[in-house]
Amino acid sequence: MGKDQQVSEQQNKPNGLEAVLLLREFRLLWLGQIFSQLGDKFWIVLMVFLIAQTWAQSTGVDSGPLAGAAELIRERGLSSGSNLAPGQGADEAQLITLLATGIYAANTLPAMVLGSVAGVWADRWPKRAVMVASNALRALLALAVPVMLLPGPTWLGLSWGYWGLVVLTFLESCFTQFFAPAEQAAIPLLVDRSLLLPANSLYTATTMAATIVGYAIGEPVLQLLHQGCLALGLQGGEFLLVPFAYGGAALILLFVKPNEQVRESSGNSVWLDIKEGFNFLADRSSVRGAVLHLVVLYSLLAALYVLSISLASRVAQLGPTKFGVLLAMSGLGLALGALLMAQMGHKFHRRSLASVGLGTMGFSLVLLAQLKPYLWPTLVLCCVLGVGAALLGIPAQTTIQEDTPEHLRGKVFGLQNNLVNIALSLPLVLAGALVSSVGLKPVLLMLALILFAGVLLERPWGIKPIDRC
């Protein structure tokens with residue numbers, strides 16, 4: 001009778017997303033993540049908004065390579081059917097694009113070089129303190145943004161305020177690099193091992209949703225705040241959004257209580273700690289393979305970011321300027337795959353999930369290359385590709401958390417973020433060059449071939465019943 005009661009209680013016990021969301025500490029971490037992720041997206045939207053409102057209407061690029069790039073953008077904009085007159089709206093659009101490039105570069109550079117160092121410090125300091133401080137400091141940086149609109153000297157033909165925004169964006173991205181490994185390392189401290197898969201699934205789904213929603217609603221909300229404050233006789237309403245997002249994240253995360261052991265400093269230098277993380281990856285094959293999965297995944301996603309422009313140009317109802325629709329469908333598929341993994345992922349072996357994910361993405365690319373470019377098949381295939389990405393990426397992230405000792409998690413996640421951001425950068429350069437030289441279809445098939453090779457390396461036929469699910 002006691003055994004039957006135990007089985008009944010086990011069956012009635014919540015699992016998947018329900019079980020994870022019942023955990024107060026994880027729920028607070030999740031809410032903090034939402035605010036922080038939205039803050040990241042709102043920051044970029046605010047920068048572009050300010051460029052459009054302040055500099056693009058009064059600043060020109062008169063000489064040098066940027067002038068040639070601006071002219072090329074203008075010509076393409078006009079040739080694509082824009083009804084803007086030369087020298088008016090088209091010129092403004094090209095300036096926004098050019099000036100926003102500096103913001104994007106400042107946002108990307110710390111992600112490529114600081115991940116390992118930030119991961120070491122995330123291990124040395126309490127996770128909650130790192131997460132709260134990084135968001136609070138970003139909120140303070142956002143409060144300094146209005147100062148950049150004050151008149152002052154110019155440099156390289158642009159006012160000091162624009163370069164100030166570039167510097168603030170660089171610092172904001174630096175603080176973000178500390179938040180990311182601390183947050184990832186905190187999840188296993190708040191969630192039982194059996195619930196790590198649904199926890200990471202929710203984390204991934206939220207990340208994709210914040211990306212789509214943040215960029216979609218950022219500009220309208222900025223305009224609403226701007227106009228609303230003007231109606232009250234106040235200036236600068238648009239500057240409230242980013243500090244609110246980051247400040248909200250810091251306040252929420254202040255109440256998270258991770259079960260973290262207090263560790264004394266080992267006395268090692270930062271570089272010795274980074275080396276320790278590399279040595280761990282070299283010794284632990286499961287974690288090394290999971291990191292490799294994430295590198296392959298993000299390399300593919302970065303390549304598709306470039307290829308989506310060519311892919312959208314083949315679809316009559318879209319055109320090159322609406323490539324974001326294809327990216328949004330991939331993001332939707334990834335979010336759906338994450339929810340699927342949260343509820344059912346524990347029933348399958350990790351290597352099986354990785355193999356299915358790699359194969360799903362490979363077949364999607366083959367069909368995108370071979371089928372006629374009609375709208376709905378293209379949208380569906382992009383969505384299916386996103387589902388495959390979830391099947392590959394979420395188990396990999398969970399494996400890293402499970403198999404990495406607590407005192408090494410920050411270092412390993414820092415290295416992971418470094419490698420992933422490098423993997424994001426290289427395809428952005430190579431994919432466009434390959435499409436220009438050999439065309440879209442061969443590039444899609446080549447990427448599919450790499451994914452199918454990954455399936456063979458996984459050797460799913462060799463999985464034994466005793467392998468971990």
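This report walks through model confidence, a nonpolar surface patch and the cysteines.

## Confidence

Keep in mind that this is a predicted model. The protein chain averages a pLDDT of 79, with 83% of its residues at 70 or more. Helix α10 (residues 241-253) comes out highest, at a mean of 95, while helix α4 (residues 65-79) sits lowest, at 44.

Two stretches call for a closer look. Residues 3-11 have pLDDT below 50, and the model gives this stretch zero contacts beyond near neighbours in sequence. Residues 59-90 also stay under 50, but here the model has 29 contacts beyond four places in sequence.

## The nonpolar patch

On the surface, I422, L426, L430, L434, V438, M446 and I450 make up a nonpolar patch of about 610 Å². Two helices, α16 (409-438) and α17 (440-458), each bring at least two residues to the patch. The top contributor is α16, with five residues.

I422 is one of the patch residues, and its place is in helix α16. I422 counts as partly exposed because its relative accessibility is 36%, which falls between the 20% and 50% cut-offs.

## Cysteines

If you're hunting for disulfides, a search of the whole structure turns up zero. C382, for instance, is in no disulfide: the nearest cysteine sulfur belongs to C383 and is 8.8 Å away. A pair would have to lie within 2.5 Å to count.

As for burial, C382 has 5% relative accessibility, so it counts as buried. C174 is buried too, with a relative accessible area of 12%; the cut-off for buried is under 20%.

Methods
Residues are numbered from 1 along each chain as its sequence is written. This is a predicted model: local features need pLDDT of at least 70, side-chain atom pairs count only at pLDDT 80 or more; totals for chains, interfaces and linings use all residues. Side-chain values use heavy atoms; hydrogens and water are left out. Patches are made of residues with over 30% relative accessible area and no salt bridge: like charges are joined within 9 Å, nonpolar side chains (Val, Leu, Ile, Met, Phe, Trp, Tyr) within 5 Å. Accessible areas come from the Shrake-Rupley method with a 1.4 Å probe; for residues, only the protein chains shown count as cover. A salt bridge is a side-chain nitrogen of Lys or Arg within 4 Å of a carboxyl oxygen of Asp or Glu. Helices (H or I, at least four residues) and strands (E, at least two) are DSSP runs, numbered from the N terminus. Buried means under 20% relative accessible area, exposed over 50%, partly exposed in between (1.4 Å probe, protein chains only). pLDDT is the predictor's confidence in each residue, from 0 to 100. Contact means heavy atoms within 4.5 Å.
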